[in-house]
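This briefing concerns the structure shown below. The points are grouped by topic, beginning with charged side chains and continuing with a helix and a sheet.

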Amino acid sequence: MAVLLCLCFVAGILVVALWRPSNRPLSRGDADRLVQIAIADAHKGRMQPAYDSLQRILTAFPDHHPASVEKAMLCIHLRRGAEASATIAAIPNDYLKNHFEISWKLAKLMSDSGLLFEAEPFLERLLVLQPGHAPTRRELLRCFRISGENAAASEYLAAALWEPKLELRDLLMATAPLTNWATPADVQFMKSVGQQNFDPLTMLGYARRLMQSGQSATAVDVLRRIVVQKPNWEPAIAQLAIVNWQLGREDDWRKIMSTWDPAKLDHPNSWFIWGVWQVRQEDYPSAVRCFGEALERDPKHAGAASQMIVPLRKLGQEASAGEWTAYVEQLAQLDQACLSVGLFEQAPDDVKAIAEWCEELGWHREARAWYRFSQQTWPERNIRSPTDDANQSESLTDANDLPQRRLVEALEFRKFPLPERIPQQKSIEIASTGTSMRPAQWRLDNDAAQLGIDFRFHNGLPDERPQGFMFEFAGPGIGILDYDNNGWPDLELTQGAPWPVQEGVTTLRDELFRNLGDGTFTPVSAAAGLDDPGYSQGPAVGDLNGDSF
């Protein structure tokens, strides 16, 4: 009998422990207990039962905010970013503010999990609720730093520049916003997350990083995948247009822009690349309008400032073009100084030079921040602004006196016409697949033998040393020149050799092919004295004595 009673007692405990109110309508108390069961399930890796429990609670009680928080956390772990964001959006601001520490942890979890596209608006929302919360601002600036959307960070950077402890990356972002100032940890994060193709914001930063490292073709593939996920996300579409312009893919560039309506554009990069297109079309008034719109949205857009010079000169506005030229030259020197400080070890004189450039450009807020950074980093140098006094310290918290803003206002750019919409071509679905924007398929035929070009490059790499030196796997070079000054372009092809080079071996040498003017070539290496048996790579062509040969 005692054993039976013990068994009943244990069974009762198990029933209570495993209780799930699934066969009757939930009460508020049931919902509170079910939240705890869902948390326990999630900790044990039972994600689907936990999700089902939380969903059931929110179906019965949409205002059960603890359940909403737990569901958002669960969606983040499952990388359901859109669902997590929608769940958070339903939580009222009063609850988030009254439980700010939980709200902040939720935003940090979202960011650390690589869901920056959803984390960024949530962090901005939290900063509205608590404007002085430095950790939230720091995390938001990290999102901007990774994505490269530094222009969008201006108001948060302005606040960061007045924090007691200044961060070098924030100063660099505020001063040279077109450069990606990601930290090594940021770079590793964007690479790992960007390659997994689940967060558009991180992928955008990864694509920009690829562009900066010369891997623009790979960046195109990443940007296309973003556009597939977010067909109407303007920052990614604008960046895709820019990289196609840089790669010379005019058809793809045009296809993207033919989907745009000028009246609906907002991102400065969209206006910038449209301005470049208008210059290409020789529509200079509309180009001025486009670059002005870009600078109105981002007064520090160096690309728009430099491109503005071309249409102004074409329109005969030399005085205005001269002012923009002087400004761009100053900006280039400042940018170079920022690169030096950002990429190499900081030196007091370099930082002081940046502060002085900012003063000269009218960027008083940034200048004072750089001076404060100098004082914090090298207090023994006592580097201070020549106008550093208490009264100006207060006044300089106001908006900067940006010269490019004055230049834009002086232009009255809105009196210039908006560009007309580009007629759409057939089959322009840039967001539906990753293949619709591939460049045209070219066919290449090997006609070298018929043209008289008998040449095969040898890198000299032996079988016993397969790893090779850099010059052995870099490949040859080709020079196009008119060596006999007859008006027809001739070809010089550089040749490799076994390494180390063996004297007396002339079977491998550079080749010069003379253009006969009828589409064929003939070898003239020996006659031209090109019998060097050394290892060649890239030819350099020039006229040393100015005699046209």
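Which residues are linked with K108 in a network of salt bridges? The network joins K108 to D112, E139, R142, R145 and D186. The model is a predicted one, and a search of the whole structure finds 20 salt bridges in it.

**Salt bridge within helix 7**

- One pair from the network is K108 with D112, whose closest N and O atoms lie 2.9 Å apart.
- Both residues belong to helix 7 (residues 100-112), where they are four residues apart, about one turn of the helix.
- In an α-helix there are 3.6 residues a turn, so residues three or four places apart point the same way.
- K108 is partly exposed at a relative accessible area of 27%, and D112 is also partly exposed, at 41%.

**Salt bridge within helix 18**

- E293 and R297 form a salt bridge through their side chains, with an N to O distance of 2.6 Å.
- Helix 18 (residues 284-297) holds both partners, four residues apart, about one turn of the helix.
- Is E293 buried or exposed? E293 is buried, because its relative accessible area is 4% and the cut-off for buried is under 20%.
- Its partner R297 is partly exposed, with a relative accessible area of 32%.

**Salt bridge between distant parts of the chain**

- The side chains of D63 and R28 meet in a salt bridge with an N to O distance of 3.2 Å.
- This pair links distant parts of the chain, its members being 35 residues apart.
- D63 sits in the loop between helix 3 (47-60) and helix 4 (65-77), whereas R28 is in helix 2 (residues 28-43).
- D63 counts as partly exposed at 43% relative accessible area, and R28 as partly exposed at 37%.
- In general, side chains of opposite charge can pair when their charged atoms come close.

**Helix 21**

- Helix 21 (residues 348-361) has 14 residues, which at 1.5 Å a residue should span 20 Å; the end C-alpha atoms are 20 Å apart, in agreement with that expectation.
- Which residues of helix 21 are buried? They are P348, V351, I354, A355, C358 and L361.
- These buried residues cover an arc of only 160° around the axis, and therefore they lie on the same side of helix 21.
- The face turned away from the buried side of helix 21 carries the exposed residues D349 and E360.
- Just after helix 21, G362 adopts a positive phi of about 85°.

**Four-stranded sheet**

- Four strands form an open sheet in the order 1-2-3-4, and their pairing is antiparallel.
- Which strands are at the edges of the sheet? Strand 1 (478-481) and strand 4 (521-523) are the edge strands, each pairing on one side only.
- Neighbouring strands of this sheet are turned against each other by 25° on average, direction ignored.
- Strand 2 (residues 490-493) and strand 3 (residues 511-515) run antiparallel and are joined by three bridges.
- The bridge partner of E492 in strand 3 is L512.
- In general, strands of a sheet pair through backbone hydrogen bonds, either parallel or antiparallel.

Terms used: Residues are numbered from 1 along each chain as its sequence is written. This is a predicted model: local features need pLDDT of at least 70, side-chain atom pairs count only at pLDDT 80 or more; totals for chains, interfaces and linings use all residues. Side-chain values use heavy atoms; hydrogens and water are left out. A salt bridge is a side-chain nitrogen of Lys or Arg within 4 Å of a carboxyl oxygen of Asp or Glu. Helices (H or I, at least four residues) and strands (E, at least two) are DSSP runs, numbered from the N terminus. Buried means under 20% relative accessible area, exposed over 50%, partly exposed in between (1.4 Å probe, protein chains only). The expected span of a helix is 1.5 Å times one less than its number of residues. The arc is that of the directions from the helix axis to the C-beta atoms. Two strands pair if DSSP finds at least two bridges between them. Axes are lines fitted to C-alpha atoms, for helices over the stretch in contact, and angles run from 0 to 180 degrees between N-to-C directions.
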